[in-house]
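Let's take a walk through this structure together. Have a look at the fold below, and then we will go through it piece by piece.

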Amino acid sequence: MFSDESRFSLSSDSWRVTIWREHGTRFEPRNITERHHFPSRGVMVWAGIMMDGQTDLHFIDTGSVTAQRYIDEVLEPYVRLFRGALSPDFIFMDDNASCHRAVLIDDFFETENLQRTPWPRTPLI
């Protein structure tokens, strides 16, 4: 199983706006957009995919995803469940997010006897 989470926002997460415009038209009214900078609501969504299926989407409540939240909301209810349903040869892979690399997560995988494959490193060119 490979898993990932993404945050979806109702507004831009960036203070920059990218537009395509003709050279020399930067300050023309058609190329100027008024923006209001205020925090917007968003949602964090997690899912896992496998060769023959996928998990349901899991919506993570507001706040940061910490190692403990990752265990409580993803690893225990989904990953442990799928491993039990599929086989002891089940291998899990997540991305290299910092909350996935905490010692608490390593301890969980060892205690639960879950196999995890490392995130591939990009070769230096």
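Which residues of helix 1 are buried? The model you are viewing is a predicted one, and in it the buried residues of helix 1 are Ala-67, Arg-69, Tyr-70, Ile-71, Glu-73, Val-74, Leu-75, Tyr-78, Val-79, Phe-82 and Arg-83. It helps to recall that an α-helix has 3.6 residues a turn, so residues three or four places apart point the same way.

What covers these buried residues of helix 1? The cover includes strand 1 (2-9), strand 2 (42-50), strand 3 (53-54), strand 4 (58-60) and strand 5 (91-94), along with helix 2 (103-112).

Now follow the course of helix 1 itself, which runs over residues 67-86. At Leu-75, one of its buried residues, you will find a kink of about 50 degrees, shortly before the proline Pro-77. From end to end, the C-alpha atoms of helix 1 span only 25 Å, whereas a straight helix of 20 residues would span 28 Å.

Stepping back to the whole protein, you can count 2 helices and 6 strands, arranged along the sequence as β-β-β-β-α-β-α-β. Of the contacts between residues at least 6 apart in sequence, 61% join residues at least 24 apart. Buried residues account for 29% of the 125 residues.

Finally, turn to the outside. The protein exposes about 9700 Å², with 55% of that supplied by carbon and sulfur atoms. On this surface, Phe-8, Val-43, Leu-57 and Phe-59 make a nonpolar patch of about 400 Å²; Phe-8 sits in strand 1, which is also among the elements covering the buried residues of helix 1.

Definitions and conventions. Residues are numbered from 1 along each chain as its sequence is written. This is a predicted model: local features need pLDDT of at least 70, side-chain atom pairs count only at pLDDT 80 or more; totals for chains, interfaces and linings use all residues. Side-chain values use heavy atoms; hydrogens and water are left out. Helices (H or I, at least four residues) and strands (E, at least two) are DSSP runs, numbered from the N terminus. The expected span of a helix is 1.5 Å times one less than its number of residues. The bend at a residue is the angle between axes fitted to the seven residues ending there and the seven starting there. Buried means under 20% relative accessible area, exposed over 50%, partly exposed in between (1.4 Å probe, protein chains only). Contact means heavy atoms within 4.5 Å. Accessible areas come from the Shrake-Rupley method with a 1.4 Å probe; for residues, only the protein chains shown count as cover. Patches are made of residues with over 30% relative accessible area and no salt bridge: like charges are joined within 9 Å, nonpolar side chains (Val, Leu, Ile, Met, Phe, Trp, Tyr) within 5 Å. A salt bridge is a side-chain nitrogen of Lys or Arg within 4 Å of a carboxyl oxygen of Asp or Glu.
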